[in-house]
Amino acid sequence: MGYTHYFKFTKFITKEQMEEVAKNVKDVFGTFPMVAKRLKGSYGEGKPIITGKYGISFNGDAERNEAYETFAVNAEDLGFHFCKTARRPYDLAVCLCLIILKDNFGDSFKFCSDGVFLNYKDEDGKIIPAEKNWVKARSLYNKYCRMHDMKVPNYRKWTMGV
């Protein structure tokens, strides 16, 4: 076991739709280069893949011991997927990608995480704080949305779970 994000598509997404989201991911990563500056390909080497044709696939930098498991989504795959990041630096990019996918595909994309996505109160009224990378990813995406005159998501209305 380990710190894991879980996700799946609930219906097929076209390559054209995936290409639009891939462009969005590239633009968000380009707007906030600190998120993607050390992203590598699937095995922690080479370049990440962010396209409509092949989907989105990346990992941390293996040379820096920042790689763990590959984050990969493909629009034609309706299977259940997960990515363990061990909270390594590329975890922020994974969180941001999951938010972008959910914002673009709505109920056609589901995700959840071992990390707390939003603050909540437990049965005793104690506030359980959101995981820092989820807080940072939401903050960056909100900033991106405002910069591009896009509607900022109401995360509390999202249906979570896979």
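This is a short tour of the structure above, stop by stop, with something to select at each one. Keep in mind that the model is predicted.

**Stop 1: the whole chain**

Start with everything shown as a cartoon. You should find 4 helices and 8 strands. If you trace the chain along its sequence, the pattern reads β-α-α-β-β-β-β-α-β-β-β-α. The C-alpha atoms fit in a box of roughly 45 × 35 × 35 Å along the principal axes. How does the radius of gyration agree with that of a compact globule? For 162 residues, such a globule would have a value near 15 Å, and this chain has 15 Å, so the two agree.

Now switch on the surface. Its accessible area is about 8800 Å², and carbon and sulfur atoms account for 49% of that. Buried residues make up 46% of the chain. Among contacts with a separation of 6 or more, 62% link residues that sit 24 or more positions apart.

**Stop 2: the nonpolar core**

Hide the surface and select Phe29, Phe58 and Phe71. These three have the most contacts inside the largest nonpolar core, which has 44 residues. To see where the core comes from, colour β1 (4–9), α1 (15–31), β3 (55–58), β4 (71–73), α3 (91–105), β6 (109–113) and α4 (132–147): each gives the core at least two residues. Helix α3 supplies the largest share, with 11 residues.

Zoom in on Phe29. Which residues does Phe29 touch, leaving aside neighbours within four places in sequence? They are Val35, Ala36, Leu39, Ile50, Phe58, Ala93, Leu96 and Cys97.

**Stop 3: Val94 in helix α3**

Next, select Val94, which belongs to helix α3. Is Val94 buried or exposed? It is buried, with a relative accessible area of 0%. Beyond its neighbours within four places in sequence, Val94 makes contact with His5, Phe58, Phe71, Cys83 and Thr85. Try the distance tool here too: from the C-alpha atom of Val94 to that of Leu140 is 13 Å, and the two residues are 46 apart along the chain.

**Stop 4: salt bridges**

Time for some charged residues. Side chains of opposite charge can pair when their charged atoms come close. The whole structure has 5 salt bridges, and here are some to look up.

- Select Arg38 and Glu66: their closest N and O atoms are 2.4 Å apart. Arg38 is in the loop between α2 (33–36) and β2 (49–51), while Glu66 is in the loop between β3 and β4, so this pair ties together parts that are 28 residues apart in sequence. Arg38 is partly exposed at 28% relative accessibility, whereas Glu66 is buried at 9%.
- Select Asp61 and Arg64: the closest N and O atoms of this salt bridge are 3.7 Å apart. Asp61 counts as buried, at 9% relative accessibility.
- Select Lys102 and Asp107: here the closest N and O atoms are 3.8 Å apart. Lys102 counts as buried, with 3% relative accessibility.

**Stop 5: a nonpolar patch outside**

Bring the surface back and select Phe80, Phe82 and Val162. Together they form a nonpolar patch on the surface, with about 290 Å² of accessible area. Phe82 sits in strand β5 (residues 81–84). Why does Phe82 count as partly exposed? Its relative accessible area is 42%, and the partly exposed class runs between the 20% limit for buried and the 50% limit for exposed.

Definitions and conventions: Residues numbered from 1 in each chain as written. Predicted model: local features only at pLDDT ≥ 70, side-chain atom pairs only at ≥ 80, totals over all residues. Heavy atoms only, no water. Patch = residues over 30% accessible without salt bridge, like charges linked within 9 Å, V, L, I, M, F, W, Y side chains within 5 Å. Areas by Shrake-Rupley, 256 points an atom, 1.4 Å probe, with all protein chains shown as cover. Salt bridge = Lys/Arg side-chain N within 4 Å of Asp/Glu carboxyl O. Buried < 20%, exposed > 50% of the residue type's maximum accessible area, 1.4 Å probe, protein only. Core = buried A, V, L, I, M, F, W, Y, C linked by side-chain atoms within 4.5 Å. Contact = heavy atoms within 4.5 Å. Rg over C-alpha atoms; globule rule 2.2 N^0.38 Å.
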